[in-house]
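Visitor: Could you take me through one part of this chain in detail? I would like a close look at a loop and its backbone geometry.

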Amino acid sequence: MMLSALSATIILATCVSYGAMELGGEEYNLKRAEQINDIQKKVSDLWHRLIYVKPVTSGSDENTVYANCQVKPSSTLEANKPQVTGQVLFKQLYPDGKMEVFFDLAGFPTNTRNASCRAIHIHKFGDLSNGCDGTSSHYNPHEVPHPQHPGDFGNFPVKDGKIRKHRFNVSASLFGPYSVLGRAIVVHEQEDDLGKGDNKGSLEHGNAGKRLACCVIGISGPELWNKKALDDAARKKRRLQSGGKTA
Ligand SMILES: [Cu+2]
Ligand SMILES: [Zn+2]
(Lines give C-alpha, C1' and ligand atoms only; values in the text may rest on other atoms or scores of the structure.)
(Ligands and ions follow the chains in the order given, each with its own letter.)
Protein backbone atom coordinates (compact mmCIF):
# COMPACT_ATOMS: atom_id res chain seq x y z
CA MET A 1 0.00 0.00 0.00
CA MET A 2 2.86 2.29 0.96
CA LEU A 3 4.52 1.62 -2.41
CA SER A 4 1.37 2.31 -4.41
CA ALA A 5 0.86 5.59 -2.51
CA LEU A 6 4.46 6.54 -3.25
CA SER A 7 4.14 5.81 -6.98
CA ALA A 8 0.86 7.77 -7.04
CA THR A 9 2.80 10.74 -5.62
CA ILE A 10 5.48 10.39 -8.31
CA ILE A 11 2.83 10.19 -11.06
CA LEU A 12 1.15 13.26 -9.57
CA ALA A 13 4.49 15.11 -9.61
CA THR A 14 4.91 14.28 -13.32
CA CYS A 15 1.36 15.48 -14.07
CA VAL A 16 2.07 18.76 -12.26
CA SER A 17 5.06 19.62 -14.46
CA TYR A 18 3.16 18.87 -17.70
CA GLY A 19 -0.01 20.68 -16.61
CA ALA A 20 1.89 23.73 -15.43
CA MET A 21 3.48 24.37 -18.83
CA GLU A 22 0.10 25.49 -20.24
CA LEU A 23 -0.17 28.37 -17.72
CA GLY A 24 1.92 31.53 -17.81
CA GLY A 25 3.68 34.03 -15.46
CA GLU A 26 2.39 34.63 -11.93
CA GLU A 27 -0.53 32.23 -12.21
CA TYR A 28 1.90 29.50 -13.17
CA ASN A 29 4.14 30.21 -10.13
CA LEU A 30 1.22 30.28 -7.71
CA LYS A 31 -0.25 27.08 -9.04
CA ARG A 32 3.15 25.38 -8.94
CA ALA A 33 3.83 26.46 -5.32
CA GLU A 34 0.45 25.06 -4.26
CA GLN A 35 1.08 21.78 -5.99
CA ILE A 36 4.61 21.47 -4.53
CA ASN A 37 3.17 22.09 -1.04
CA ASP A 38 0.59 19.39 -1.64
CA ILE A 39 3.25 16.88 -2.73
CA GLN A 40 5.45 17.75 0.26
CA LYS A 41 2.52 17.11 2.59
CA LYS A 42 1.78 13.73 0.99
CA VAL A 43 5.46 12.66 1.26
CA SER A 44 5.66 13.82 4.87
CA ASP A 45 2.45 11.89 5.73
CA LEU A 46 4.00 8.78 4.20
CA TRP A 47 7.13 9.17 6.32
CA HIS A 48 5.05 9.57 9.46
CA ARG A 49 3.19 6.38 8.69
CA LEU A 50 6.49 4.55 8.11
CA ILE A 51 8.11 5.81 11.32
CA TYR A 52 5.18 5.38 13.72
CA VAL A 53 5.05 1.61 13.62
CA LYS A 54 1.84 0.76 15.45
CA PRO A 55 0.37 -2.48 14.20
CA VAL A 56 -3.10 -1.84 12.81
CA THR A 57 -5.70 -3.93 14.61
CA SER A 58 -9.46 -3.80 14.71
CA GLY A 59 -11.82 -3.63 17.65
CA SER A 60 -13.17 -0.99 19.96
CA ASP A 61 -10.10 -0.60 22.22
CA GLU A 62 -8.00 0.54 19.29
CA ASN A 63 -4.75 1.18 21.17
CA THR A 64 -4.50 -2.25 22.79
CA VAL A 65 -2.48 -4.85 20.94
CA TYR A 66 -2.98 -8.58 21.58
CA ALA A 67 -0.77 -11.39 20.31
CA ASN A 68 -0.65 -15.16 20.43
CA CYS A 69 2.17 -17.66 20.03
CA GLN A 70 0.96 -21.23 19.46
CA VAL A 71 3.76 -23.37 20.91
CA LYS A 72 4.64 -26.64 19.12
CA PRO A 73 7.50 -29.13 19.52
CA SER A 74 10.53 -28.35 17.35
CA SER A 75 10.34 -30.30 14.07
CA THR A 76 14.01 -31.28 14.56
CA LEU A 77 13.44 -32.63 18.10
CA GLU A 78 14.12 -36.31 18.86
CA ALA A 79 10.97 -38.35 19.53
CA ASN A 80 12.14 -39.32 23.02
CA LYS A 81 12.27 -35.68 24.19
CA PRO A 82 9.33 -33.92 25.91
CA GLN A 83 6.74 -32.79 23.35
CA VAL A 84 5.71 -29.40 24.66
CA THR A 85 2.60 -27.61 23.35
CA GLY A 86 0.51 -24.66 24.50
CA GLN A 87 0.00 -20.92 24.20
CA VAL A 88 1.83 -17.77 25.14
CA LEU A 89 -0.55 -14.78 25.04
CA PHE A 90 0.38 -11.10 25.07
CA LYS A 91 -1.49 -7.89 25.87
CA GLN A 92 -0.20 -4.32 25.80
CA LEU A 93 -2.44 -1.30 26.30
CA TYR A 94 -0.38 1.44 24.61
CA PRO A 95 3.18 1.99 23.26
CA ASP A 96 4.83 2.94 26.58
CA GLY A 97 2.68 0.60 28.66
CA LYS A 98 4.10 -2.58 30.14
CA MET A 99 3.28 -5.83 28.44
CA GLU A 100 1.43 -8.65 30.23
CA VAL A 101 2.01 -12.28 29.28
CA PHE A 102 0.21 -15.57 30.00
CA PHE A 103 2.25 -18.75 29.67
CA ASP A 104 0.23 -21.95 29.42
CA LEU A 105 2.32 -24.98 28.43
CA ALA A 106 2.02 -28.74 28.83
CA GLY A 107 4.02 -31.85 27.92
CA PHE A 108 6.94 -31.63 30.37
CA PRO A 109 7.99 -34.78 32.22
CA THR A 110 5.95 -35.36 35.36
CA ASN A 111 8.70 -37.14 37.30
CA THR A 112 10.76 -35.05 39.72
CA ARG A 113 14.23 -36.28 38.71
CA ASN A 114 14.31 -33.81 35.81
CA ALA A 115 15.09 -30.12 36.27
CA SER A 116 12.07 -28.48 37.88
CA CYS A 117 12.51 -25.14 36.09
CA ARG A 118 12.66 -24.38 32.37
CA ALA A 119 13.92 -21.32 30.51
CA ILE A 120 11.77 -19.38 28.04
CA HIS A 121 13.14 -16.62 25.79
CA ILE A 122 12.26 -14.50 22.76
CA HIS A 123 14.66 -15.35 19.94
CA LYS A 124 15.59 -13.08 17.05
CA PHE A 125 13.87 -14.70 14.06
CA GLY A 126 10.37 -16.04 13.52
CA ASP A 127 11.78 -18.59 11.09
CA LEU A 128 10.66 -22.15 11.91
CA SER A 129 11.70 -23.67 8.55
CA ASN A 130 14.32 -25.71 10.38
CA GLY A 131 12.43 -26.33 13.61
CA CYS A 132 13.42 -24.03 16.48
CA ASP A 133 17.03 -23.97 15.25
CA GLY A 134 16.32 -21.22 12.69
CA THR A 135 15.17 -18.74 15.34
CA SER A 136 18.84 -17.71 15.86
CA SER A 137 20.06 -16.18 19.13
CA HIS A 138 18.15 -14.17 21.75
CA TYR A 139 16.43 -11.03 20.47
CA ASN A 140 18.98 -8.41 21.49
CA PRO A 141 18.30 -5.04 19.81
CA HIS A 142 20.38 -3.04 22.30
CA GLU A 143 23.44 -5.35 22.28
CA VAL A 144 23.47 -6.09 25.99
CA PRO A 145 24.50 -9.32 27.76
CA HIS A 146 22.09 -12.05 28.85
CA PRO A 147 19.83 -11.91 30.94
CA GLN A 148 19.08 -8.27 30.06
CA HIS A 149 17.46 -9.02 26.69
CA PRO A 150 13.83 -7.82 26.35
CA GLY A 151 12.60 -11.42 25.98
CA ASP A 152 14.59 -13.00 28.81
CA PHE A 153 11.64 -14.36 30.75
CA GLY A 154 13.85 -16.41 33.07
CA ASN A 155 12.82 -19.66 34.70
CA PHE A 156 9.39 -21.22 35.07
CA PRO A 157 8.54 -23.92 37.59
CA VAL A 158 7.01 -27.08 36.12
CA LYS A 159 4.12 -28.56 38.07
CA ASP A 160 2.45 -31.81 37.00
CA GLY A 161 4.16 -31.50 33.61
CA LYS A 162 2.76 -27.98 33.09
CA ILE A 163 3.85 -24.36 33.18
CA ARG A 164 1.15 -21.83 34.00
CA LYS A 165 2.20 -18.29 34.72
CA HIS A 166 0.84 -14.75 34.41
CA ARG A 167 3.66 -12.18 34.17
CA PHE A 168 3.22 -8.42 34.48
CA ASN A 169 5.66 -5.61 33.63
CA VAL A 170 7.48 -7.49 30.90
CA SER A 171 10.08 -5.27 29.26
CA ALA A 172 9.50 -6.51 25.68
CA SER A 173 7.04 -4.52 23.53
CA LEU A 174 4.46 -5.16 20.83
CA PHE A 175 4.80 -1.56 19.56
CA GLY A 176 7.41 0.45 17.70
CA PRO A 177 10.69 -0.42 16.02
CA TYR A 178 11.59 -2.97 18.73
CA SER A 179 8.30 -4.82 18.56
CA VAL A 180 8.63 -8.56 19.18
CA LEU A 181 5.79 -9.34 16.73
CA GLY A 182 7.04 -11.83 14.17
CA ARG A 183 9.83 -13.08 16.41
CA ALA A 184 9.95 -16.46 18.16
CA ILE A 185 9.30 -17.81 21.66
CA VAL A 186 11.63 -20.71 22.49
CA VAL A 187 11.05 -23.17 25.36
CA HIS A 188 14.23 -24.86 26.56
CA GLU A 189 14.98 -28.24 28.10
CA GLN A 190 16.91 -26.83 31.03
CA GLU A 191 17.11 -24.01 33.51
CA ASP A 192 18.52 -20.56 32.65
CA ASP A 193 21.70 -19.81 34.67
CA LEU A 194 20.76 -16.08 34.39
CA GLY A 195 24.28 -14.96 33.47
CA LYS A 196 25.86 -16.46 36.58
CA GLY A 197 27.53 -19.43 34.86
CA ASP A 198 30.98 -17.79 34.70
CA ASN A 199 31.38 -18.63 30.99
CA LYS A 200 30.71 -17.07 27.57
CA GLY A 201 27.46 -18.99 26.96
CA SER A 202 26.05 -17.74 30.22
CA LEU A 203 26.13 -14.11 29.01
CA GLU A 204 24.71 -15.06 25.59
CA HIS A 205 21.93 -17.55 26.30
CA GLY A 206 22.07 -18.69 29.93
CA ASN A 207 23.10 -22.28 28.99
CA ALA A 208 19.45 -23.32 28.91
CA GLY A 209 20.09 -26.37 26.73
CA LYS A 210 18.09 -27.89 23.90
CA ARG A 211 15.22 -26.07 22.18
CA LEU A 212 12.19 -28.22 22.89
CA ALA A 213 9.41 -26.13 21.40
CA CYS A 214 8.81 -22.76 19.76
CA CYS A 215 6.35 -20.53 17.91
CA VAL A 216 6.09 -17.20 16.10
CA ILE A 217 4.41 -14.26 17.89
CA GLY A 218 1.48 -13.00 15.79
CA ILE A 219 -1.21 -10.32 16.21
CA SER A 220 -4.51 -11.68 17.49
CA GLY A 221 -7.90 -10.41 18.58
CA PRO A 222 -8.76 -9.95 22.30
CA GLU A 223 -10.86 -13.17 22.57
CA LEU A 224 -8.04 -15.60 23.51
CA TRP A 225 -6.68 -13.21 26.13
CA ASN A 226 -10.08 -12.52 27.67
CA LYS A 227 -10.87 -16.24 27.89
CA LYS A 228 -7.49 -16.99 29.49
CA ALA A 229 -7.94 -14.16 32.01
CA LEU A 230 -11.36 -15.57 33.02
CA ASP A 231 -9.99 -19.13 33.33
CA ASP A 232 -7.04 -17.87 35.38
CA ALA A 233 -9.30 -15.92 37.76
CA ALA A 234 -11.56 -18.98 38.20
CA ARG A 235 -8.54 -21.20 38.88
CA LYS A 236 -7.18 -18.79 41.51
CA LYS A 237 -10.59 -18.64 43.17
CA ARG A 238 -10.84 -22.45 43.29
CA ARG A 239 -7.34 -22.64 44.77
CA LEU A 240 -8.19 -20.08 47.46
CA GLN A 241 -11.42 -21.92 48.32
CA SER A 242 -9.62 -25.24 48.63
CA GLY A 243 -6.84 -23.59 50.68
CA GLY A 244 -4.17 -24.87 48.28
CA LYS A 245 -0.74 -23.35 47.75
CA THR A 246 0.11 -21.06 44.85
CA ALA A 247 1.40 -22.69 41.65
CU1 LIG B 1 16.41 -19.35 24.29
ZN1 LIG C 1 18.93 -13.59 26.76
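Guide: Happily! Helices (H or I, at least four residues) and strands (E, at least two) are DSSP runs, numbered from the N terminus. This is a predicted model, in which local features need pLDDT of at least 70, side-chain atom pairs count only at pLDDT 80 or more, and totals for chains, interfaces and linings use all residues. Residues are numbered from 1 along each chain as its sequence is written.

Let us go to the loop between β5 (129-132) and β6 (152-157), where Pro147 is found. The peptide bond leading into Pro147 from His146 is cis, with omega near 5°. The loop between β5 and β6 also holds Glu143, which is not a glycine yet has a positive phi of about 50°. Is Glu143 buried or exposed? A residue counts as buried if 20 or more other C-beta atoms lie within 10 Å of its own, exposed if 12 or fewer, and partly exposed in between, with C-beta atoms placed from the backbone. Glu143 is exposed, because 6 other C-beta atoms lie within 10 Å.

Following the chain past β6, you come to Asp160 in the loop between β6 and β7 (162-170). Asp160, not a glycine, has a positive phi of about 50°, and it is exposed, with 9 other C-beta atoms within 10 Å.

For the setting, the chain has three helices and ten strands, in the order α-α-β-β-β-β-β-β-β-β-β-β-α along the sequence. Of its 247 residues, 28% are buried.

Notes: Chains are lettered from A and ligands numbered from 1 in the order in which they are written.
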